[in-house]
Amino acid sequence: MTVGGPAVTAGGPAVTAGPVLAVSEVTVRFGGVVAVRDASLELREKEVVGLIGPNGAGKSSLIGALGGQIPVTRGRVLLGGADITAAPPHRRARLGLCRTFQLTSTFDDLTVFENLLVAALGADGSRLRSSLAGGRARQARVAAAMDSVWDRLTEFDMAEVANLYGSELSGGQRRLVEIMRCLMRSPRVLLLDEPMVGVAPHLVERIQGECQRIRDSGVSIIIVEHALEVVQAICDRVVVMASGSVVAQATYAEAMSSGAVREAYFA
Amino acid sequence: MSFYISTLLVYFFVDALLAWALNMQFGWGGIPNFALIMFQAAGAYAAAVVSLGPDTGAGAFQRYVFGSSLPFPLPLVVATLAGGLLALIVGSFSLRRIRRDYQAAILLIVSLIVTGLVTNVVGLVNGSNGLTGVPRPLSGVLSRLTYDGYQWAYAAWTAVIAAAVYLLVARLGSSPWGRALRAVRDNEDAAATIGLNPVSLRLQAFVIGGMICGLSGGLLAEFLASWSPAAWGYAETFAVFTAIILGGVGNTWGVVLGTLLVQVIFLQVPTFLPQVGYTGLIDALQWVLIGSLWLVCLAIRPRGLIPARRPVVSREARR
Amino acid sequence: MLFIQALGFGVITASLIAIGAMGFTIQFGLTNVLNISYAGIMTAGAFAAFIAEELHLPLVLGVVLALTVGAGVTWLLGRTLFAFFARRGAGLFEMVMVTLAVNLILQFGIDAASREQIYRFAFPQGTSLHGGPFTVTVTQLVLIVVAVAVFAGLELLLRRTRLGKALRAMAAEPRLARTCGIPTGRIVNVVWLLSGALAGLAGLAYVINSLSIDASVGTGFLPLVLAAAILGRAGSTRGAVLAALALGVVTEEVAAFGGAAYGSVAGFGILALVLLTRPAAVAGQAAGKVEVTV
């Protein structure tokens with residue numbers, strides 16, 4: 001277990017070339033407040049990392065910095081070796097990083113099917129020129145995208161809500177759609193910001209299961225979560241934050257038995 | 001009577017173009033374009049100044065730029081491009097991420113600024129007096145037609161243009177691009193995280209809408225043979241908003257219905273009725289009625305008469 | 001020389017803007033709604049006084065009428081129309097659309113009633129006073145004094161009275177204020193009445209200074225009022241006054257050297273810039289939701 005954050009080195013399993021996501025001494029300052037201070041962490045392939053800590057620890061700010069919604073004041077973020085520190089969110093998406101938001105962000109005036117379809121087609125499939133000119137190539141691509149949407153809906157057992165608008169779904173369903181939407185991009189990294197908020201208990205279990213399935217299929221996940229049972233159940237490692245700094249990185253069990261972590265939570 | 005109807009038809013098609021443009025920008029793109037009418041004016045002025053001959057310098061009857069005497073259909077092309085160019089300029093600073101109410105206020109202010117500039121820089125497009133004597137397209141070639149006949153020919157011409165624009169708009173609406181635009185409207189952050197570029201999508205919608213508005217303006221200026229600031233006060237934009245809200249925001253046919261009800265029946269027909277009260281009373285009251293109609297729509301049926309349709313899909317249907 | 005004289009005109013213009021902006025900002029600071037119908041209220045107040053003058057009623061009555069009409073119409077709109085839409089969950093932008101529709105009704109209703117004419121507003125200007133490079137009439141001096149008095153009065157109200165403190169609390173944290181037992185309904189009433197009265201007064205002051213009145217005066221004056229209120233931070237009367245000073249001077253300077261029309265273009269331009277760059281404006285969906293308090 002390391003306390004205080006490791007230096008960024010290409011550790012991890014010998015099979016891969018390096019961490020999927022490398023965060024190196026990232027500081028986020030806005031409005032005169034330092035929300036994140038010199039945070040470093042690594043995300044390797046096929047792992048779920050839980051980002052935990054008391055309120056105001058800077059977890060959402062760090063996720064915002066990784067997702068591109070909040071500018072990084074200092075430090076670097078590398079996605080598969082590529083420097084994305086200054087990249088806008090849509091460019092990070094094309095490199096394989098996708099996130100969900102605390103406030104579930106489905107496209108409420110689009111149907112579930114459209115929510116997933118627009119993600120499946122992405123920016124390349126939604127270009128103005130191809131939408132105007134069209135032709136058989138475009139039709140084929142749209143058909144393929146629609147097929148993949150149906151596959152995903154079936155996989156998640158959500159085919160029967162395909163034609164409901166985002167606004168017509170329950171909180172848990174919307175969260176599932178949001179996650180599925182990210183998966184349509186076949187991302188390498190998925191950032192989940194408090195996905196269980198406002199979700200009914202049986203759907204919490206469902207989403208937990210989906211997270212593990214997603215990890216096994218090759219996607220790395222960072223999940224911000226308050227409910228420690230969830231963290232214990234699905235996270236391979238946890239990163240503990242307090243007052244803007246990374247206080248510990250270890251397995252859940254190790255972290256919970258650490259004096260430093262207890263202090264951070266209850267200080 | 002025939003004159004009235006052919007005139008109403010031209011207005012209807014010209015206003016339908018505006019409604020489609022606003023529907024794309026606001027209905028699909030979520031851009032509250034309170035400056036819409038300015039883009040129509042850009043096209044109208046552009047068509048006017050390139051189809052008129054050169055002005056006769058200072059002290060002339062009317063002063064304006066260009067004066068290129070371009071023949072049909074070039075002025076319309078220029079009008080379309082003018083609308084698009086103005087949209088590109090305005091869009092480049094007003095389409096960034098911003099609170100929608102502030103964005104609406106900015107666009108309204110820009111339209112007021114432009115009105116102020118146009119009225120005061122007289123050499124540009126003859127200030128508040130506006131331009132007259134704009135040559136009617138193909139009037140030489142079609143000189144054998146009666147005045148009435150020419151009106152109907154023009155109505156047919158605008159119908160053809162409207163049909164073409166309809167095909168364009170309908171295609172874009174149901175296309176992946178249209179869907180991506182609506183996604184950006186619904187949630188910009190979520191759209192970005194799945195790879196869409198919100199600013200560029202909005203700008204594309206804004207410019208295409210601007211081009212359609214410009215085309216609309218060119219058609220109208222050539223029909224009226226004149227154009228002045230009186231034709232594009234800030235309130236005109238709200239007639240279009242009312243039309244699309246009443247008809248159905250987001251629905252390509254809904255906004256046509258709204259245009260028919262608001263722009264044609266509501267606004268135009270009374271002007272052909274005998275005057276009641278003092279001159280101009282009907283005009284001023286029309287805006288009171290538009291405002292009231294707008295409130296009523298927002299209160300009881302904000303989705304409009306023909307709301308945007310739910311795109312239903314089923315796996316079986318595709319096989 | 002022209003520059004110095006324009007400074008003087010700038011202060012006068014600033015006083016007019018300040019009265020309107022202070023009224024707007026206490027309303028905007030609480031409701032968060034960009035109330036475009038504020039323009040129509042300004043026009044209505046001015047016309048109320050104009051009618052009184054045409055009927056040869058005493059001056060004071062004209063002023064009182066302007067205040068009363070402004071306060072009354074605003075309060076009525078706030079309690080009926082705006083409250084109706086707010087209850088149904090209208091967002092900030094939907095509310096702006098509502099206020100715009102209302103402004104259309106007000107402006108063109110007045111336009112119809114006034115036969116779309118521009119009228120001369122014969123208000124006694126008093127003797128011209130000369131002080132150094134400045135020439136100012138007694139009336140203009142009175143307008144400046146009125147603006148200062150309004151500011152002083154508001155400062156007193158907002159900082160020294162319980163009502164004022166409650167208002168500031170409510171503007172900052174509306175939901176918290178409700179649970180703390182602050183009489184939010186009463187405060188909203190006060191804000192409608194007070195801001196409406198100031199709108200009426202601002203409209204009247206504007207036409208007193210320009211000596212002409214028509215149905216579009218409010219809509220033409222609104223951008224500067226809006227600019228001052230937003231530039232000076234919503235809810236801050238001090239900010240509104242400072243911003244009004246800056247705007248007044250800038251527009252008069254531009255007008256002095258470029259022509260009157262460019263003065264207002266400069267004013268509009270500043271408002272657009274302010275709206276574009278205000279951090280509050282940039283806050284999107286991810287940031288905290290601003291709510292409508294009506």
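This report walks through chain A, then a contact between chains B and C, and then a few backbone oddities. Bear in mind that the model is predicted.

**Chain A as a whole**

Let's start with the overall picture. Chain A holds 10 helices and 11 strands. Its C-alpha atoms fill a box of roughly 60 × 40 × 40 Å along the principal axes. How does that fit with a compact globule? For 267 residues, such a globule would have a radius of gyration near 18 Å, and chain A comes in at 19 Å, which agrees. Of the 267 residues in chain A, 46% are buried. The chain also brings distant parts of its sequence together: if you take the contacts between residues at least 6 apart in sequence, 70% of them join residues at least 24 apart.

**A covered strand: β9(A)**

A good place to zoom in is strand β9 of chain A, residues 220-224. This strand is mostly covered, with 5 of its 5 residues buried. Ser220(A), Ile222(A) and Val224(A) point one way from β9(A), while Ile221(A) and Ile223(A) point the other way, and all are buried.

What does β9(A) pair with? One partner is strand β4 of chain A, residues 48-52, which runs parallel to β9(A) over 4 bridges. Another is β8(A), again in the parallel sense, this time over 5 bridges. Look at Val224(A) to see both pairings at a single residue: Leu51(A) stands opposite Val224(A), and so does Asp193(A). To get from β8(A) to β9(A), the chain passes through α7(A), and this β-α-β crossover is right-handed.

**Where chain B touches chain C**

Now on to the other chains. Their contact takes 37 residues from chain B and 34 residues from chain C. Which elements supply the chain B side? Those giving two or more residues are α4 (100-120), α8 (188-193), α10 (234-247) and α12 (281-300) of chain B. Of these, α4(B) gives the most, with 14 residues. By type, the residues on the side of chain B that touches chain C split into 24 nonpolar, 7 polar and 6 charged.

**Backbone oddities**

Most residues other than glycine have a negative phi, and most peptide bonds are trans. A few spots here go against that habit. Two of them are glutamates in chain A, set side by side below.

| Residue | Phi | Place in chain A | C-beta neighbours within 10 Å |
|---|---|---|---|
| Glu25(A) | about 50° | strand β2 (residues 21-30) | 14 |
| Glu194(A) | about 50° | loop between β8 (189-193) and α7 (201-216) | 21 |

Both have a positive phi although neither is a glycine. Are they buried or exposed? Glu25(A) counts as partly exposed because it has 14 C-beta neighbours inside 10 Å. Glu194(A), on the other hand, is buried, with 21 other C-beta atoms within 10 Å. The location of Glu194(A) also ties back to the crossover described above: its loop lies between β8 and α7 of chain A, and the path from β8(A) to β9(A) goes through α7(A).

Chain B has an oddity too, this time in a peptide bond. The bond from Phe72(B) to Pro73(B) is cis, with omega near 0°. Where is Pro73(B)? You'll find Pro73(B) in the loop between α2 (36-51) and α3 (74-94) of chain B.

Notes. Residues numbered from 1 in each chain as written. Chains lettered and ligands numbered in written order. Predicted model: local features only at pLDDT ≥ 70, side-chain atom pairs only at ≥ 80, totals over all residues. Buried ≥ 20, exposed ≤ 12 C-beta atoms within 10 Å, placed from the backbone. Pairing = 2+ DSSP bridges. Right-handed = clockwise from strand over helix to strand, strands pointing away. Contact = placed C-beta atoms within 7 Å. Nonpolar A, V, L, I, M, F, W, Y, C, P; charged D, E, K, R; others polar. Rg over C-alpha atoms; globule rule 2.2 N^0.38 Å.
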